Structures are given as C-alpha cells and as structure tokens.
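This briefing introduces a structure to a reader who has not met it before. Please look over the sequence and the model first; the notes that follow are grouped by topic.

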Amino acid sequence: MATIKADKVLPLYRDMLRIRGFEGKATKLYEQGVLPGFLHSSVGQEAVPVGVSAHLDKDDYITSNHRGHGHVLAKGMEPERMFAELYARTTGYNSGRGGSMHIMDFSLGIVGANGIVGAGVPIATGAGISFQVNGTKQVAVSYFGDGAVNSGAFHEGLNLAAIWSLPVVFVCENNFYAESVPQSYAAKVGIAERAAAYGIPGVRVDGNDLFAVYDAAKAAVARARKGEGPTLIECQTFRWSGHFVGDPGVYRTKEEVEAWRLKDPLPRVHSWLEQHGVTAADLDTMEAAVADEMDRAAERGAAGPRPDPQAATDNVYAPEGVARA
Ligand SMILES: Cc1ncc(C[n+]2csc(CCOP(=O)(O)OP(=O)(O)O)c2C)c(N)n1
Ligand SMILES: [Mg+2]
C-alpha cells in the first residue's frame, strides 16, 4: 500500500514525463547526428529516480552514472542547460566539457555523473562521511546499475558506509543487463541479498512501480537521516533502448523487450491519477506541455556558443604561480 498522498502524485508523474520527454528528444537529435559523443537512454526506468528524489532536499547529494539524465532531472536540473551540455555549448552545466556522462551541479547536490562503472558508489560514501562529520542531516544517494555491483568500488563503498552507519542510500537500477552481459551470468547471488554481507538492510522492489520505489526510498532516506545507516535498494527495471543509442541489441530477444514495454511505469501512474480524480484532458494538457518544454529546451540549448578551441586547456592545469602542496 503506497504511503503517498494523491496531491503529491501529479508532480511526480510530470517528472516521469519530463524524463521520458528529455530522453526522446535527445535520442532523436542523436540519431540525426547533431549531438556528439555517446547517449545512454533511461526510457523505461523513470520511476526509479522520481520515486527516490521525492524524498530528497536540494542540499542532499546524488552520484549518478552513464545513464543519468533521469537522476539529474529528478534532482532539479533544467533541460535547457542539460541540452546545452549535450550539444557541448559553453552555456551547458559544465561549459560543454562534461557532456551527458559527466554532468554535475554542486548547487543542486549533483556531485557527478560518472562514466566509470561503480565509481559513484564510494563518492556517495565520502559525501556521507562529510555529512556525519559536519553533523548535518543531509543524505547521499548513489545510483548505479547491476553491472556496478561486481566492482570493488561497490564493496568498499557499502562496507565503509555500513561500519560507520553513514547516511547513504544505495540505489541499484537492475535492468538485467550490463551492456550485453545478463545479470544472471555475471553473479550467482541476487543484488538485494548482498546487503546481508555488509550487515545493512537490502530490499528488492518493482522498479517500474513508482509507489513501490517511493515507499522503499522513504524508509531508507528516513533511516539515513536518523543516523541509522545505509540501505541497499534493488529496483528491478528495464531499459527499452540498447545499451547506447545505436546499439542493435542482439543480445536480447524482441519478446523480452516487448514484455517489459508492457510493464511501462508511466501508464500505471496515469491510471492511478485518473482513478483519483484527475481528468484525462488534464493529463493530455500536461503531456503536451512537457513535449513543448523539451522542444524549446533543445532549441535554446543548441543556440549557445561553441567553446573557443583556445580555451581547451582552461581548468586543466593550475594557473602559473599556484603553489603545489
Ligand atoms: C570500470 C568500467 N568498466 C567497464 C566499463 C564499460 N561499460 C560502460 S557501461 C557498462 C555496463 C554498465 O551496466 P550497468 O551498470 O548494469 O548499467 P546500465 O548500462 O545497465 O544502466 C560497461 C561495462 C566502464 N565504463 N567502466
Ligand atoms: Mg544494467
């Protein structure tokens, strides 16, 4: 039974629509060849960051991974500056230097997406140490995939957070594949079960069910804020696209992908809202407004200036005269 109140669900549905809208627009632009780099779409996984971020304040931190557009949108990033970043424009969140996989904004508590699988896990643990030392009530969330749980960084990050009861929530988006490798091939034990090895709670939820994610995250964030330590949440979900946009995805059957598309997280919330008094017309209006927002954001994002090639090494080397420790 979901603990969420009806008036809180509408903005969460909007957040899910915005993630889907952003990914859809970015995918189109990438396929047209106008966005540089690689693009990893999170379509199909929208319920996870929205259900988690519902419990986070602006000064809480998140670490993200290569499939992170949803994580950062749900934490408060604006699509226009995100598109500018994807277009490598100076008006992007990181002056066009980070791109999709290294986008960050400290003022929003987004301390980094990360292209290195598993690398965000100990960064969140480190944030947890700083919150504990400074005596704040902040919480750090680390989002990572099923591919990250077999990395050393995952083990070290969870173990340290566990022994020091750090305020961290570890959120695994188990979409059953790491590139082409099925999760069942990569490990003999389940993901939530691993929490027992660290002596912390581990829960497995339907990651396509906003309410299930919301409830699990609520408990985990509350526990972290009370100083009771970390939780591992395994959210079972699926990415509809290939690993990256353009991946032919020969390692999955059409039937498997289709079965997961039928478990689309968005219509579930749509039906719930209709059952709780929101009209289909209002939802249509919201959907159209989000589509329009993404079109405008992409257009404005693309309009920013390109970086000056002369500035390529700015922020790479310390200025002359700065003493080295
Ligand atoms: C340390 C490291 N090893 C390998 C890679 C190459 N790589 C990029 S994404 C990826 C798969 C990640 O899978 P998962 O963590 O399940 O996330 P998903 O793509 O499914 O969201 C791999 C192996 C990398 N970026 N970093
Ligand atoms: Mg995966």
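**Ligand and metal sites**

In this predicted model, an N or O atom in the side chain of Arg 67 lies 2.8 Å from an oxygen atom of ligand 1. The space that ligand 1 takes up is the largest pocket. A magnesium ion, ligand 2, is coordinated by Asp 146, Asn 175 and Tyr 177.

**Polar contacts of ligand 1**

- A polar backbone atom of Val 117 is 3.1 Å from a nitrogen atom of ligand 1.
- A nitrogen atom of ligand 1 also lies 3.3 Å from a polar side-chain atom of Glu 179.
- Ligand 1 taken alone exposes 580 Å², and the protein buries 71% of that area.

**Surroundings of ligand 1**

- There are 14 residues around ligand 1, and those that come nearest are His 66, Arg 67, Gly 115, Gly 147 and Tyr 177.
- Sorted by class, this shell holds five nonpolar, six polar and three charged residues.

**The magnesium ion**

- The coordinating atoms are OD of Asp 146, OD1 of Asn 175 and O of Tyr 177, at 2.0 to 2.1 Å from the magnesium ion.
- Along the chain, these donors follow the spacing D-x28-N-x1-Y.
- Asp 146 and Asn 175 are 29 residues apart, and the pair links distant parts of the chain.
- Asp 146 belongs to the loop between β2 (140-145) and α6 (152-163), while Asn 175 belongs to the loop between β3 (168-174) and β4 (177-178).
- Tyr 177 is among the residues that come nearest to ligand 1, and Tyr 177 also coordinates the magnesium ion through O.

Key:
Residues are numbered from 1 along each chain as its sequence is written. Chains are lettered from A and ligands numbered from 1 in the order in which they are written. This is a predicted model: local features need pLDDT of at least 70, side-chain atom pairs count only at pLDDT 80 or more; totals for chains, interfaces and linings use all residues. Side-chain values use heavy atoms; hydrogens and water are left out. A residue is near a molecule or strand if one of its heavy atoms lies within 4 Å of it. A polar contact is a pair of N or O atoms within 3.5 Å; within protein, one must be able to donate a hydrogen and the other to accept it, and residues adjacent in sequence count only if both atoms are side-chain atoms. Accessible areas come from the Shrake-Rupley method with a 1.4 Å probe; for residues, only the protein chains shown count as cover. On a 1 Å grid over the protein atoms alone, a cavity is a set of points where a 1.4 Å probe fits but cannot get out, and a pocket is an open set with protein on both sides within 12 Å along at least five of seven lines; lining residues have an atom within 4 Å of a point. A molecule sits in a cavity or pocket if more than half of its atoms lie within 2 Å of its grid points. Ala, Val, Leu, Ile, Met, Phe, Trp, Tyr, Cys and Pro count as nonpolar, Asp, Glu, Lys and Arg as charged, and the others, Gly among them, as polar. Donors are N, O and S atoms within 2.8 Å of the metal (3.2 Å for Na, K and Ca); water is not among the atoms, so sites may look incomplete. Helices (H or I, at least four residues) and strands (E, at least two) are DSSP runs, numbered from the N terminus.
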